[in-house]
Each structure stands twice: as structure tokens, then as C-alpha cells.
Amino acid sequence: GLSTQPIWRKLWDDVMKTRPPNSENITCWRKKFLETFFSNVLHGVLDVSSDWRLNDHHFSPLLHSSPHVSQLTLCNMLQGAVELTAEHNQKVLDNLAGSLQILKFQHLLSSDQSIRRSLVLLLHRLIHHGSVSQVSMYSWPVPDTVLLVLILSMSAGFWRSGNALAYHSSPCGLCREEDKAQSQESAQERAESSRCDEREWSDGENQKRSPRASEEPNAEVRGCGADTHLNPVLSGLRSPPLRNQACNEAGGKVPHDHTSVQGGSSCCVSDPLSCHPILRKTRRRLKSAVGKKRRCLRRSRGPYADPEDLYDFVFAVAREDNSRLLDKNSATEGENAENWTSSSPGSLCTGHAGCKKRGGSAGIFSLKAAHRFRSVSTLELFSIPLTGETCRTLSNLLSSWVSLENLVLSYNGLGANIFCILSGLRALSRHSDCRLRVLRVSDVFSHMPCMELVRCILSAFPQLHTLSVSFDLKNQLEGNRPEGNPSCSEAEIPESCLEQLEIRFPREPLDTAFLLPVLKASKSLQQLSLDSATLPSSQELGLLLEVLKECNPNLKKLSFHDVNLAEHQKEVLLLLQDPVLQEITFSFCRLFESSTTEFLSEIINTVKRNSSLKSLKLPGNRLGNHRLVALADIFSEDSSSSLCQLDVSSNCIKPDGLLEFTKKLEGHIQQRGGQIQFTHLRLFQNWLDQDAETAQEALRRLKAVCSVVNDSWDSSQAFADYISIM
């Protein structure tokens, strides 16, 4: 029952000899120490010979700590990948396959063939036969196209194990073992099927002799054939299913007509299912999917390891004619995806006039020649420029990446290539088992107005639950879109599943004509964040609030950041009165720039009467000392407020003002007999360093009332802001 946290904290000081970043947020020092210890030893940052407790040839630092590693970062020349795939670290790699959830790549450099081979083996073990669910890549200013496509493709579950890449000449041990098990299962299934067919044939002969036998099939026949006729899906479940997204041999096709495999001949006695067109088709697909020679794709601990999982069977069948389905869908929407499984990823194009086909890059394997393995559920790309070729590759990977749940594309210089990505997402959305629910796109320049992009995304992918679109600057050439790309402003928005919408405008006007239809189609919206938008008039903001009230009854959190609300006091008060909103943020909105003391009093009285509001965030609104002290009246004896959190960061607050606020708050709490729900106060970037003694007293007394979060900030940085408020 004793905690070992202090011991692990002391071990950190003794072994690491550095101060851990964000130490106040560390909840488990054991996990933090062992993860960092593994990473430092792997990358040569920590010399184990320097500590007598570690300098023991019987002790393997990597082997000891690997079961506790849930995230790992590989950097530069991928030295860590080479070390982990070395023969003497086989057990370490096995441990990581069971524990590692997040794999990160940072500051990668170009690598040679041998390093890429090690990376392939590492990804195959940790993703295809492991438990890695998230792949993130950071800061790669000049990405190596072959290496980038390799990571993306293997993260999506594709791997070419032949000699095209000269990486690996044969399946890995796990693949061979599972292939052998699958072969045995297939042989057993064929034997059972043969016995059932013989018994059905025998029963048919008996029926000829006994009319009553045709009315009451014997129990043996019921066990083998009756259920199959009644429910082919359950029959598929009873047969050995594929344990992952199946990897049939390249070129394998399943016939899709209703004729017999014998060229349209009549029913075959040995296969009673052939007498029924639908069941005959299902039976052929099942036999094709299960009976073909293939490599197995997963270990039993993966998310689809359940041998009764129907998903694997459905995906195995669907994937065989995936290119045919894409062709059909493309024909209806003017897309060119017909060759996505037969060309190299570098030449694939799923979409628009600005995304034209090109020849594939050398060294990038064909998706058709690749096998499909387990794939990750989260992909994040931060500060990695994506060329047109790479975007086409990513688009085609996305088109069938049904396991993907979260996609983050941040500062990738997409430009017009955003349409290529949207094309892949549109194809993905047609899969009934698609899981993508979170999409975040951010960049420096916007290729099109933000609201048009939002409409484009939601019209292509209404299943999204979270959508975040963020741009820093407006593209001056915005009007010159690639020829043939239709304007998204006219795209119809079906009713969406959107729960969270975040838009950061590149200093462009908030056009409610585009935003309001999005809000009306998002009946389930719970969070809305608008950043850096310009409000043309109070009427526009009024329309927005009216639609939110009428069409978004589930909205709980509303945030405005860097939106000038100085002239919209009436609308601000209406928001604070809302009986549904639980969290409201006015961040750097210049609320009190041209206001009077009456406006502050109205805010306080409105919040006092609102029992549903739990969190009020007012950072960067130049409250100053006197307004902060006035806010303490929110918690007065006559207040019915349920406010729990108050954020007054970056508000030019000095120590004496904070102390006065604290004393006033203590008085209100005493009057209410200690009954108060206020629990959190945020004080980042205020001028508390001007009088350290007073600030410490105020913080000490505040911490007896609520949880206080602050920082040691140099207020001299805010001198210009101080001059402007004087």
C-alpha cells in the first residue's frame, strides 16, 4: 500500500541528472523514468557504464525497460531502428510489439538501403504484428519521398515483401507460423465441407426412398446444411475467418455473376449452395477468401483478433473488388480512381483536374503487389511538406484505410493538393466500416476561404465528429484555383454527425452565409470555436447566435479567440445568459476596450443568475486589478452561479490586486458558510513578479480555496501592453 513515486523521482535525479519537462503534469514517475531511460539508452544519450547500478553485463537496460514503453521517438538517421532490429535485441522488439502504442518520427534525414530495410522490419513487427495504433511525424523540411511513402504505406497496412525493394526476401517468422495455421484451418474446412456435402447427397437419396424424410430432415443434415441455407452470414462466421484485412495474392478475383463456376452450368450435386443464386455467390466468395494461399496479417492480441469477428470476412471480400467499386463510384462523381490498385502510389490520382497522373517514383512499391496487414488508427503529420506526388499517394492510401480514426495534417503546404486529399476521404467515406471521426487541417496559407473548405470536407465526409480547420494567412492568389476544380461554396451539406467544429480564419470576414448552413446541418454540435474572424456587423453575430439557439440545442462549449467584440456588448450578454452553454471563452476579444463600468456590472449580474455556466475564460481582455476584484462578486451570497473555473490569464493583474481579490473571495465564502463550487483559477502571464512577497501571500491564501495554476512570467515582456492600457 505504499507509493514508490518518491523512489522513482529520486532515481530520475540520480540517473538522468536533468530536470524533467512539465514535471508538475507527471502522474506516474515509474512509467516516466522507464520510458525516458529506454529512449536515452537506445539513442546513446545515457551511458550505462557511468552508474555502478547499471554497469553489469548480466543486465540489459533495453530488455528490462521495454515492457513499460508505450511511446517511442525515432530521430535523424533512424539509428534506433537499426539497433532494435539487431539479432541480439529480438526479445526487446517482442516486448515493444506488446507495449508500444505511439511511434513518432522526428527530424528525419535521408537514409540508405540498409537503414530502410531495418525500418521496414521494425514497422512490420510493431504495426503489422504489434499494437502500435498511432504514427506521428514531425519537422521534416525536405522529406525523402521514398522513405516518407514507405512509412505511410506500412502505417496503412501495406507491405511488399518480395524482391522489388530488396528489403526482405521471405515472410517473417510470425507470417510463416500464421500462414501454416491458416493452411491447416483451410484444409480442415474443406474436409468438413466435403463431409457435409456427402451427407446431404446421402440424405437426398434417402428422400427419394422415403417421402416423410423430405418433410423432416434428420439432425445430422440440420447441423451441416440447414443453417447454411437459412443464414449464409452465420455460416461465414462458423468457418475460419480471416484475422485481419485479408491479404490475398495479387490479381486474385472473385466472380461477381450468379452463374456457376463451371461456366453457367446447372446446379452441381456436390455443392447444394449453387442452387441458390445469392448463397452461391456468398459461398464462392468465402471459399476464395479463405482458400487462397496468403500470409496472415495479425497476432492474436490485435484489435481484430476475435476469431468470430465478421468484420474480417466482410473486408476480405470487399477488398477483392475494391478497385471495381472505386471505378463505379468514380464514374458517378467524375473521379479517376480506376487504377489505384494497379499503379505505383506515386502515380495514383483519385480526384480533380489539378491532380494529374504521373509516372511512379522508383523504389515505391505497387499497392496491387503489396499485402494488406493491420494498420494504425491515428496518423499525424506536422511540418512535413507534401508534394503533389506524395499527396496522391496519401489520397490513395486513405481511400481504403478503414481503421483510421484520427487524421492530423499540420503545416504541410498542401495548397491545391487539398482537393486530392479530399478525394481520398470521399472514397473512404463510402466504406460502411470506415472509422474516421477526427480531421484536423492547418497550414500557413489558405488555398480557399475557410468556410468553403469546411463545406467541402463535410459534404465529402459527413460522418466526422471533430473537424478543425486553421490557417495563418490568406493566399493572395486564392481566386486562381486549378482549372476544373468546382467551387465548394455550392456543395450540398448533408446532415452531419459533427460534434466539435474549430475554425481559425486568416483574418477574413466571418461570412454567415456559409457558416449558418453548416451549423444547421450539425444538429449534434457540442463545441464551436471561432478564431481570428472579423465580424462585419452586429447583425451578423446576432444571426449566428439565433441559429445556435434554434439548431444546436446540444451546444455546450463556445469559444471566440482574437475576435473583436468591443462593439458587441449586447451579444456578449446574450451568450452569458444562455441556459445551455456550460463553457464560454472570450480570449483576446478586447471586451473592455471601449466599455463602461456598467458593462462589467451587467456581466457579473448575468453570470450570477446563470446556474448552468461552469467555466468562464477571459484571457487577454485587460481586466486589470479593479475589474478582477469586481469579478469576486460572482460568488457573493445572493448568487446562484455554479461557476467552477475562471481564467484571467494575460490580464495585467498585479500582486496587490490579486491579494484584494483573494480577501473579497474569502469574505463571500464565509458568508455562504463555505458552500462554494469554485475550484480552479488560471493566472498565466500576469505581473505577479513585481512584488514577490505579496504575490506569494495571495497565492497561499487562494490555494486554500481553489486550485491555482500560474507560471513564473517576466512581466517586462508586457511593457508595451502596459503603456497602451494606461
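Here are some exercises, each with a worked solution, on a predicted model.

**Exercise 1. Work out whether helix 7 is enclosed or open to the outside, and find what packs against it.**

Step 1: Begin with the burial count. Helix 7 spans residues 145-155, and 9 of these 11 residues are buried, so the helix is largely enclosed by the rest of the structure.

Step 2: Put names to them. The buried residues are L147, L148, V149, L150, I151, L152, S153, M154 and S155.

Step 3: Look for the partners. The strands that pack against these buried residues are strand 2 (102-108), strand 3 (134-138), strand 4 (158-159) and strand 6 (378-382), and they are joined by helix 6 (113-128) and helix 15 (388-398).

Step 4: Check both ends. At the start of the helix, D144 places a side-chain oxygen within 3.1 Å of the backbone nitrogen of V146. Just after the helix comes G157, with a positive phi of about 100 degrees.

**Exercise 2. Describe the second largest cavity: its volume, its lining and the character of that lining.**

Step 1: Count the cavities. There are 4 cavities of 30 Å³ or more, and the second largest has a volume of about 80 Å³.

Step 2: List the lining. It is made up of L414, G415, I418, V441, D443, F445, H447, M448, L453 and F471. Strand 8 (residues 438-446) gives the most, with 3 residues.

Step 3: Sort the residues by class. The lining has 7 nonpolar, 2 polar and 1 charged.

**Exercise 3. Now do the same for the second largest pocket.**

Step 1: Take the volume. This pocket holds about 600 Å³ of space.

Step 2: Find the residues around it. The lining has 22 residues, and K32, E35, T36, S39 and Q71 lie nearest the centre of the pocket.

Step 3: Trace them to their elements. Helix 1 (5-16), helix 2 (29-42), strand 1 (71-76) and strand 2 each give at least two lining residues, and helix 2 gives the most, with 6 residues.

Step 4: Sort by class. Here the lining has 8 nonpolar, 10 polar and 4 charged residues.

**Exercise 4. Find which residues T606 touches, and place them beside helix 20.**

Step 1: Locate the residue. T606 sits in helix 21 and is buried, at a relative accessible area of 5%.

Step 2: List the contacts. Setting aside residues up to four places away in sequence, T606 touches L573, L576 and Q577.

Step 3: Turn to helix 20 (residues 569-577). Its buried residues are E571, V572, L573, L575 and L576. Helix 21 (597-609) is among the elements that cover them, which also include helix 19 (538-551), strand 12 (557-561), strand 13 (583-587) and strand 14 (615-617).

**Exercise 5. Decide whether S642 is buried or exposed, and trace its contacts.**

Step 1: Place the residue. S642 lies in the loop between helix 22 (624-631) and strand 15 (645-647).

Step 2: Apply the cut-off. Buried means under 20% relative accessible area, and S642 is at 9%, so S642 is buried.

Step 3: Follow the contacts. Beyond its neighbours within four places in sequence, S642 is in contact with N610, S611, L613, K614 and Q677. With S611 there is a polar contact, where the side chain of S642 reaches the backbone oxygen at 3.0 Å.

Step 4: Compare sequence with space. S642 and F678 are 36 residues apart in sequence, and their C-alpha atoms are 7.7 Å apart.

Methods:
Residues numbered from 1 in each chain as written. Predicted model: local features only at pLDDT ≥ 70, side-chain atom pairs only at ≥ 80, totals over all residues. Heavy atoms only, no water. Buried < 20%, exposed > 50% of the residue type's maximum accessible area, 1.4 Å probe, protein only. Helix = DSSP H or I, 4+ residues; strand = E, 2+ residues; numbered from the N terminus. Contact = heavy atoms within 4.5 Å. Polar contact = N/O pair within 3.5 Å; in protein donor to acceptor, adjacent residues only side chain to side chain. 1 Å grid on protein atoms, 1.4 Å probe; cavity = no way out; pocket = protein on both sides within 12 Å on 5 of 7 lines; lining within 4 Å. Points joined across faces, edges and corners; volume = space filled by probe spheres on them. Nonpolar A, V, L, I, M, F, W, Y, C, P; charged D, E, K, R; others polar.
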